[in-house]
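Hi everyone, thanks for coming. I'd like to walk you through one structure today, so please have a look at it while I talk.

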Amino acid sequence: MTDKQNAPANNGKKVGRAPKLDNGFYSQDIISVSQFTRENLEYIFGVAEEMRAIVKRVGSTDLLKGSVLACVFYEPSTRTSASFIAAMSRLGGTVIPITQGVQFSSVSKGESLPDTIRTLESYADIIVIRHPEMGSAQIAADYARKPIINGGDGVGEHPTQALLDLFTIEEELGRVDGLNVGMVGDLRYGRTVHSLARLLCLYDVQFNFVSPEILRLPLDVMNEIRNHDLPVSETYDVSEIISDVDVLYITRVQKERFADLSQYEEVRDLYVLTPELMEDAKEKMIVMHPLPRVGEISYAVDSDPRAAYFRQMENGMYLRMALLAAVLGKA
Ligand code: CP
């Protein structure tokens, strides 16, 4: 029985924030990047490298044989859902996949989030949830006795994406300290940007944010960067920063987040990375994107060795294998 299972039920009350991972990952919820220290990150990245080696060598292991993962996605997903399912499968465990739309679950009959979570934890050892409302993963964790992993909560956070993003930066460039990081596109609603920017505050980096006025980085994230005394610039024009950055993190303008679609139409095509723009970039830099893309990176950039977004996507599976093994006490 895990520490979390020993805890008293909370009778439906919301409780606090997921704690720091001071005592490791075992039995912990993974809700926010604010839980991580640099030591936690080094540990989990080391495990992810081992997972990559296992997959390349033999494809799978039985480390989590007998364990069950429930994947419940109230929002669309390809990478997060598929990589968690692949991760659990390659570790020898099994999956309850509620990922093809919760309309096929009892949510469509009006079942609440807490009751859905209580149901799934009766069958599974760990739950990954994606939900359109910010804070929903924490609410799920407050009700659950089994560990909850946040697979994206509205415009809030996407911590496992930030972990795989940072893992990719280290793998590609060999370091994080001293890097100049450009983030482009939907910085306001982009939960991957919020989580990665917060995680990068643990390092000595310089930030360059590129967006239209209505998609600027939220003040709370900007304040967190300022509290860490990290250099930061904001501009509307990607050509102003492209020659300076070591990491260019491009994001999709998310139509689904706009209440007023005319505002979306105004900004949807502002940024398109092309081979011509890449001519001004450093020889050793990387282009990243959490994906999916809908036009903000030209397909002609894909063959550029600096285009790291497909390698980044693959890293997601190794990182999520590491996380599942660590939270279930088998890393
Ligand atoms: N990066 C990411 O979260 O992709 P999906 O929406 O496909 O899961």
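Let me begin with a question: how do the residues of the shell around the ligand divide into nonpolar, polar and charged? The split is two nonpolar, five polar and two charged. Before I go on, please keep in mind that this is a predicted model.

So who is in that shell? The ligand is surrounded by Ser77, Thr78, Arg79 and Thr80, by Arg130, by His158 and Gln161, and by Pro290 and Leu291.

Let's look at some contacts. The side chain of serine 77 has an N or O atom 2.6 Å from an oxygen atom of the ligand. Threonine 80 does something similar: an N or O atom in its side chain is 2.7 Å from an oxygen atom of the ligand. With proline 290 the backbone takes part, as one of its polar backbone atoms is 2.8 Å from a nitrogen atom of the ligand. On its own the ligand has 260 Å² of accessible area, and the protein covers 90% of that.

Why does the ligand lie between domain 1 and domain 2? Both domains give residues to the shell around the ligand, and therefore it lies between them. For your notes, domain 1 is 3–157 + 315–327, and domain 2 is 160–310.

Staying close to the shell in sequence, let me point out a peptide bond. Between leucine 291 and proline 292 the bond is cis, with omega near 5°. Leucine 291 is one of the residues around the ligand. Proline 292 sits in the loop between strand 9 (286–288) and helix 11 (309–327).

Now for two helices. Which residues of helix 4, residues 113–123, are buried? They are Leu113, Pro114, Thr116, Ile117, Leu120 and Glu121. These buried residues cover an arc of only 160° around the axis, so they are on the same side of helix 4. The face turned away from that buried side carries the exposed residues Ser122 and Tyr123.

Remember the general rule here: an α-helix has 3.6 residues a turn, so residues three or four places apart point the same way.

Helix 8, residues 219–227, can be read in the same manner. Its buried residues are Val221, Met222 and Ile225. They cover an arc of only 100° around the axis, which puts them on the same side of helix 8. Leu219 and Asn227 are exposed, on the face turned away from the buried side of helix 8.

Next, two loop residues to check on your screens. Serine 27 has phi near 70°, a positive value in a residue other than glycine. You'll find serine 27 in the loop between helix 1 (3–6) and helix 2 (38–58). Aspartate 229 is not a glycine either, and its phi is positive too, about 55°. It lies in the loop between helix 8 and strand 7 (232–235).

Are these two buried or exposed? Serine 27 has a relative accessible area of 3%, so it counts as buried. Aspartate 229, at 70%, is exposed.

One last stop is leucine 324, in helix 11. At 0% relative accessibility, leucine 324 is buried. How far apart are leucine 324 and glutamate 265? They are 59 residues apart in sequence, and 40 Å apart in space, C-alpha to C-alpha.

That's my tour, and I'm happy to go back to any of these spots with you.

Note on methods
Residues are numbered from 1 along each chain as its sequence is written. This is a predicted model: local features need pLDDT of at least 70, side-chain atom pairs count only at pLDDT 80 or more; totals for chains, interfaces and linings use all residues. Side-chain values use heavy atoms; hydrogens and water are left out. A residue is near a molecule or strand if one of its heavy atoms lies within 4 Å of it. A polar contact is a pair of N or O atoms within 3.5 Å; within protein, one must be able to donate a hydrogen and the other to accept it, and residues adjacent in sequence count only if both atoms are side-chain atoms. Accessible areas come from the Shrake-Rupley method with a 1.4 Å probe; for residues, only the protein chains shown count as cover. Ala, Val, Leu, Ile, Met, Phe, Trp, Tyr, Cys and Pro count as nonpolar, Asp, Glu, Lys and Arg as charged, and the others, Gly among them, as polar. Domain bounds come from an automatic or database domain assignment. Buried means under 20% relative accessible area, exposed over 50%, partly exposed in between (1.4 Å probe, protein chains only). Helices (H or I, at least four residues) and strands (E, at least two) are DSSP runs, numbered from the N terminus. The arc is that of the directions from the helix axis to the C-beta atoms.
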